[in-house]
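Q: Please take one part of this model and examine it closely. I should like to follow the chain there residue by residue, with each technical term explained as it appears.

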Amino acid sequence: MWKSCNSTHLILFLLFISGLAVLTPILATDHIVGANRGWNPGINYTLWANNQTFYVGDLISFRYTKNQYNVFEVNQTGYDNCTLDSAVGNWSSGKDFIPLNQAKRYYFICGNGQCYNGMKVSVVVHPLPSPQAAPSAHNSSSDSAVLVVPRQGFRALAVSLAMLCFGFGWV
């Protein structure tokens with residue numbers, strides 16, 4: 001394949017692979033609120049949330065009929081009282097993908113009065129586990145994995161290409 005590689009090529013190759021390793025995406029899960037029942041009145045979202053594990057970088061998705069419902073992120077008081085006074089974000093597309101970028105408790109409610117009919121959900125987002133302790137997957141049947149690229153894959157690629165370039169022994 002390659003007849004020879006000089007040190008400049010090796011340095012450029014190693015810098016490229018190092019850059020890829022730093023930018024390697026991790027497993028991110030899209031948690032669809034209410035699973036196949038979506039964001040609608042009369043659903044026990046507390047039960048749904050308690051059966052999920054949320055990590056920093058995951059998404060929480062709300063699926064509902066556009067112009068009928070909406071989603072507001074509020075604080076605990078707004079959640080407990082179904083009020084929008086503390087709203088820090090709002091969505092109304094019917095397919096809302098909200099990134100969970102911090103390890104904290106998030107509170108979401110429907111802002112058109114349906115909060116009183118159960119359209120509210122609170123989720124706890126955990127820090128990412130260390131790579132050594134990371135579970136093989138943290139999604140459930142109601143979730144979908146967004147992207148998985150294991151770091152070991154880039155290391156194996158780098159070693160394989162270096163071996164092709166320089167042979168199987170170190171000179």
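A: The answer begins with a sheet, follows the residues beside one of its strands, and ends with the links between separate parts of the chain.

This is a predicted model, in which local features need a pLDDT of at least 70 and side-chain atom pairs count only at pLDDT 80 or more, while totals for chains, interfaces and linings use all residues. Residues are numbered from 1 along each chain as its sequence is written, and side-chain values use heavy atoms, with hydrogens and water left out.

The setting is an open sheet of five strands, arranged in the order 2-8-7-4-5 with mixed pairing. Strands (E, at least two residues) and helices (H or I, at least four) are DSSP runs, numbered from the N terminus; two strands pair if DSSP finds at least two bridges between them. Strand 2 and strand 5 stand at the edges of this sheet with a single partner strand each, so one side of each has no neighbour in the sheet. The pairing of strand 4 (residues 71–74) with strand 5 is antiparallel and runs over three bridges. Within it, Glu73 stands opposite Gly89 of strand 5.

Glu73 deserves further attention. With a relative accessible area of 11%, Glu73 is buried; buried means under 20%, exposed over 50%, and partly exposed in between (1.4 Å probe, protein chains only). The side chain of Glu73 meets that of Lys104 in a salt bridge of 3.8 Å, N to O. This pair links distant parts of the chain, since Glu73 belongs to strand 4 and Lys104 to the loop between strand 6 and strand 7, 31 residues apart. Lys104, in turn, is partly exposed, at a relative accessible area of 32%. A salt bridge here requires a side-chain nitrogen of Lys or Arg within 4 Å of a carboxyl oxygen of Asp or Glu.

After strand 4 comes Asn75, in the loop between strand 4 and helix 3. Asn75 is partly exposed, with 36% relative accessibility. Two polar contacts (N or O atoms within 3.5 Å, one able to donate a hydrogen and the other to accept it; residues adjacent in sequence count only through side-chain atoms) involve this residue. One joins the side chains of Asn75 and Ser86 at 2.8 Å. In the other, a polar atom of the Asn75 side chain lies 2.9 Å from the backbone nitrogen of Gly78. Leaving aside residues up to four places away in sequence, Asn75 touches Ser86 and Tyr107, where contact means heavy atoms within 4.5 Å. Asn75 and Asp85 are ten residues apart in sequence, and their C-alpha atoms are 9.0 Å apart.

The loop between helix 3 and strand 5 also holds Ala87. Its relative accessible area of 34% makes Ala87 partly exposed. With residues up to four places away in sequence again set aside, Ala87 touches Phe72, Glu73 and Val74. From Val71, Ala87 is 16 residues away in sequence and 10.0 Å away in space, C-alpha to C-alpha.

A covalent link also starts in this loop. A search of the whole structure finds one disulfide, a term for two cysteine sulfur atoms within 2.5 Å. Its partners are Cys82 and Cys115, whose sulfur atoms are 2.1 Å apart. The torsion about their S-S bond is about -70°, so this disulfide is left-handed. Cys82 lies in the loop between helix 3 (76–81) and strand 5 (89–91), and Cys115 in the loop between strand 7 (105–109) and strand 8 (120–126), so the disulfide ties together parts 33 residues apart in sequence. Both partners count as buried: Cys82 has 14% relative accessibility and Cys115 has 3%. Cys110, by contrast, is in no disulfide, and the nearest cysteine sulfur, that of Cys115, is 7.9 Å away. Cys110 is likewise buried, at 2% relative accessibility.

Finally, the salt bridge of Glu73 may be set beside its counterpart. The whole structure contains two salt bridges. Besides the pair of Glu73 and Lys104, Asp30 forms one with Arg63, their closest N and O atoms being 3.4 Å apart. Asp30 lies in strand 1 (residues 28–32) and Arg63 in strand 3, so this pair ties together parts 33 residues apart in sequence. Asp30 is buried, at 5% relative accessibility, whereas Arg63 is partly exposed, at 26%.
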